[in-house]
Amino acid sequence: MAKTTSTVRYEKNSDPTAESRKQDHITLAFQSQVLSQELDERFYYEPVLSGHPENSDALAIDFLGKSFAAPIWVSSMTGGTEMAKTINHNLARACGEFGMGMGLGSCRSLLYSDERLADFDVRHLMGTKMPLYTNLGIAQIEELIEQRDLNRIEFLLEKLQADGLIIHVNPLQEWLQPEGDHIKRPPLETIQMVLDVLDAKIIVKEVGQGMGYESLKALFQLPLEAIDFAASGGTNFAKLELLRSEEQEQNIYAALARIGHSATEMVDFCNVIFEDLGDKIQCEQVIISGGVRDFLDGYYLMNKLNTKAIYGQASSFLKHARGSYETLQKHIQYQVKGLALAQAMLRVRV
């Protein structure tokens with residue numbers, strides 16, 4: 001049956017944005033070319049195997065004993081300043097809304113005082129369904145052991161209603177920090193002592209250098225909740241501290257800031273370790289962080305790693321958490337939607 005004039009007229013007007021959109025196409029065409037050498041060769045793009053994701057339910061994962069709505073971790077950042085309070089509170093609220101986990105920045109100041117408690121007191125903002133981990137450096141824990149005062153960690157966990165403790169291992173940062181602490185014994189020994197004495201869930205991480213094969217191999221044989229890469233490629237705290245030191249020291253130690261391992265290299269280390277250790281593995285969860293720029297990096301690395309993993313970011317969240325909550329909220333919405341699209345349309349090249 002032939003279409004009536006009124007029907008044709010209706011169809012022509014059914015897309016009110018068509019004219020402006022086509023004008024955009026003409027105007028932006030020359031800015032929109034992607035050269036072959038610019039293609040992301042980590043993925044196969046499979047456009048016929050799935051429709052657009054309707055929601056992000058397929059991203060859910062059980063991790064650290066809780067159900068994540070998205071495999072994203074807010075990596076440890078900061079505390080002790082008024083800006084830190086805004087940042088931590090915004091991030092905790094977002095974790096509750098989007099079903100993500102969160103590691104706090106160093107909580108050293110709370111061991112002996114509650115003066116900065118408001119900076120870190122975020123459980124009421126994120127709720128109890130998602131994991132919240134407090135954070136102490138290996139040097140502080142070594143000191144608590146020497147003072148026979150490890151019970152302060154238990155008080156800290158209670159104070160913050162935290163699910164567990166992150167131990168950050170940072171010998172290069174402490175060495176280069178003008179007021180840094182001296183680490184007296186191998187951190188592995190200190191971590192083992194904490195596991196032996198405390199009834200607490202423990203995550204171990206670096207702070208921007210990552211870790212080599214032997215360190216990872218040793219840690220995977222401990223009953224840890226997870227290992228957090230904190231690989232080279234993100235914020236490098238050794239370099240940050242070096243920039244705070246005297247010029248002569250900067251010149252002498254500058255090369256140390258370039259020591260480390262990328263997240264991609266650490267994924268390769270881990271896959272070899274899993275094969276080598278077999279049933280000697282006691283820790284089977286990994287937070288991939290350090291240089292994870294966006295959801296594509298996270299999706300790629302999680303799929304390359306042969307164990308349960310989520311990905312963590314710090315600077316990306318930090319950038320958007322310093323102002324209004326709505327700015328951070330929109331940033332995370334895009335991340336989650338992008339991750340869902342990647343899962344539907346992309347396959348990681350082996």
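Let's start with the lining of the second largest pocket: by class, its residues are 10 nonpolar, six polar and two charged. Please keep in mind, everyone, that what we have here is a predicted model.

How much space lies in this second largest pocket? About 270 Å³. There are 18 residues lining it, and if you want to find the centre on your screen, look for Val169, Pro171, Glu206, Met211 and Ser215, which are the closest to that point. Three elements each give two or more residues to the lining: α8, covering 171–176, α9, covering 187–197, and α10, covering 213–220. Which of them gives the most? That would be α10, with four residues.

Two of those pocket helices also pack against other helices, so let's follow them in turn, beginning with α9. Its partner is helix α6, residues 138–146. The two axes come within 10 Å and cross at roughly 60°, and that angle makes α6 oblique to α9. As for handedness, α6 passes α9 in a left-handed crossing. On the α6 side, the contact is made by Ile138, Ile141, Glu142 and Ile145. Facing them from α9 are Pro187, Thr190, Ile191, Met193 and Val194. Sort the residues of this contact by class and you get seven nonpolar, one polar and one charged.

Now over to α10, our main giver to the pocket lining. It packs with helix α13, residues 263–277, at an angle of about 50°, and the axes are 10 Å apart. Those two helices are therefore oblique to each other. Left-handed or right-handed, this crossing of α10 and α13? Right-handed. From α10, the residues making the contact are Tyr213, Leu216, Lys217 and Phe220. From α13 come Met266, Phe269, Cys270, Val272, Ile273, Phe274, Asp276 and Leu277. The classes here are 10 nonpolar and two charged, with no polar residues.

One last pair, further along the chain: helix α14, residues 295–304, and helix α16, residues 325–345. Their axes come within 9 Å, crossing at roughly 45°, which makes α14 oblique to α16. This crossing is right-handed. Which residues of α14 meet α16? They are Phe295, Leu296, Tyr299 and Met302, and they meet Gln335, Gly338, Leu339, Ala342 and Gln343 in α16. In this contact we find six nonpolar and three polar residues, and no charged ones.

So if you open the model after the meeting, you could begin at Val169 and Pro171, two of the residues closest to the centre of the second largest pocket. From there, go to α9 and its left-handed crossing with α6, then to α10 and its right-handed crossing with α13. Thanks for listening!

Technical notes
Residues are numbered from 1 along each chain as its sequence is written. This is a predicted model: local features need pLDDT of at least 70, side-chain atom pairs count only at pLDDT 80 or more; totals for chains, interfaces and linings use all residues. Side-chain values use heavy atoms; hydrogens and water are left out. On a 1 Å grid over the protein atoms alone, a cavity is a set of points where a 1.4 Å probe fits but cannot get out, and a pocket is an open set with protein on both sides within 12 Å along at least five of seven lines; lining residues have an atom within 4 Å of a point. Grid points are joined across faces, edges and corners, and a volume is the space filled by probe spheres set on the points. Ala, Val, Leu, Ile, Met, Phe, Trp, Tyr, Cys and Pro count as nonpolar, Asp, Glu, Lys and Arg as charged, and the others, Gly among them, as polar. Axes are lines fitted to C-alpha atoms, for helices over the stretch in contact, and angles run from 0 to 180 degrees between N-to-C directions. Angles under 35 degrees count as roughly parallel, over 145 as roughly antiparallel, 65 to 115 as roughly perpendicular and the rest as oblique. A crossing is left-handed if the near helix is turned anticlockwise from the far one by less than a right angle, and right-handed if clockwise. Contact means heavy atoms within 4.5 Å.
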